[in-house]
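This briefing covers strand pairing and cysteines in a predicted model. The points below are grouped by topic.

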Amino acid sequence: MNERIDVGAESVAWSPCHLGEGLTVGRECSIGALAHIGRNVRLGNGCRIQGGAYIADGSILGSNVFIGPNATLLNDLYPPSKDSTKWLPVRVASGAVVGGGATVVAGVSIGENSVLGAGATLTRNLPKNEVWVGTPARYHSTREEYERKGARESTTNGED
């Protein structure tokens, strides 16, 4: 049975999970079971970290970021370097989405309101308001087009 862990500011984590030393959690965040949140990670307000996600030491997430199940944010370009002075944290700007099973390599940034598709591997910075998919991840559409398509499909319930 998963146990609720109060992490302050109306935020919650679900056990079992790992919450690293120096973690800063904003208001109304949720961290799923089996997630690993590294040391000195910062989560903005309203972040949703799904179960099994791995957030490496030093990562910085803005407000209202969604990290899908089993997504991975890395910080070491040459693992295992064993030298934290060489680590490059990932930065995820406010409103961004990282799909389930996606991987973000060390030092890469995800722009505001961008989407990294499920299973994608991001090897370079993703600009704001764009959707990238694939391995390596490449441009797919604008966030506006993505939202329009999602709204259209949800109103038809898969019927044409």
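Strand 1, residues 3-8, and strand 2, residues 11-15, run antiparallel to each other and are paired over five bridges. Strand 2 also pairs with strand 5, residues 30-31, this time in the parallel sense and over two bridges. A search for disulfides across the whole structure returns zero.

**Strand pairing**

- In the antiparallel pair, Glu3 lies opposite Ser15 of strand 2.
- The hairpin formed by strand 1 and strand 2 has two residues between the strands, and Ala9 there adopts a positive phi near 50°.
- In the parallel pair, Ala13 is positioned opposite Ile31 of strand 5.

**Cysteines and disulfides**

- How many disulfides does a search of the whole structure find? The number is zero.
- Cys17 takes part in no disulfide, and the nearest cysteine sulfur to its own belongs to Cys29, 13 Å away.
- Cys29 is likewise in no disulfide; its nearest cysteine sulfur is that of Cys47, at 4.6 Å.
- A pair of cysteine sulfurs has to lie within 2.5 Å to count as a disulfide, so the 4.6 Å between the sulfurs of Cys29 and Cys47 does not qualify.

**Exposure of the cysteines**

- Is Cys29 buried or exposed? Cys29 is buried, with 2% relative accessible area.
- Cys17 has a relative accessibility of 24% and therefore counts as partly exposed, since the buried class ends under 20% and the exposed class starts over 50%.

Methods: Residues numbered from 1 in each chain as written. Predicted model: local features only at pLDDT ≥ 70, side-chain atom pairs only at ≥ 80, totals over all residues. Heavy atoms only, no water. Buried < 20%, exposed > 50% of the residue type's maximum accessible area, 1.4 Å probe, protein only. Pairing = 2+ DSSP bridges. Helix = DSSP H or I, 4+ residues; strand = E, 2+ residues; numbered from the N terminus.
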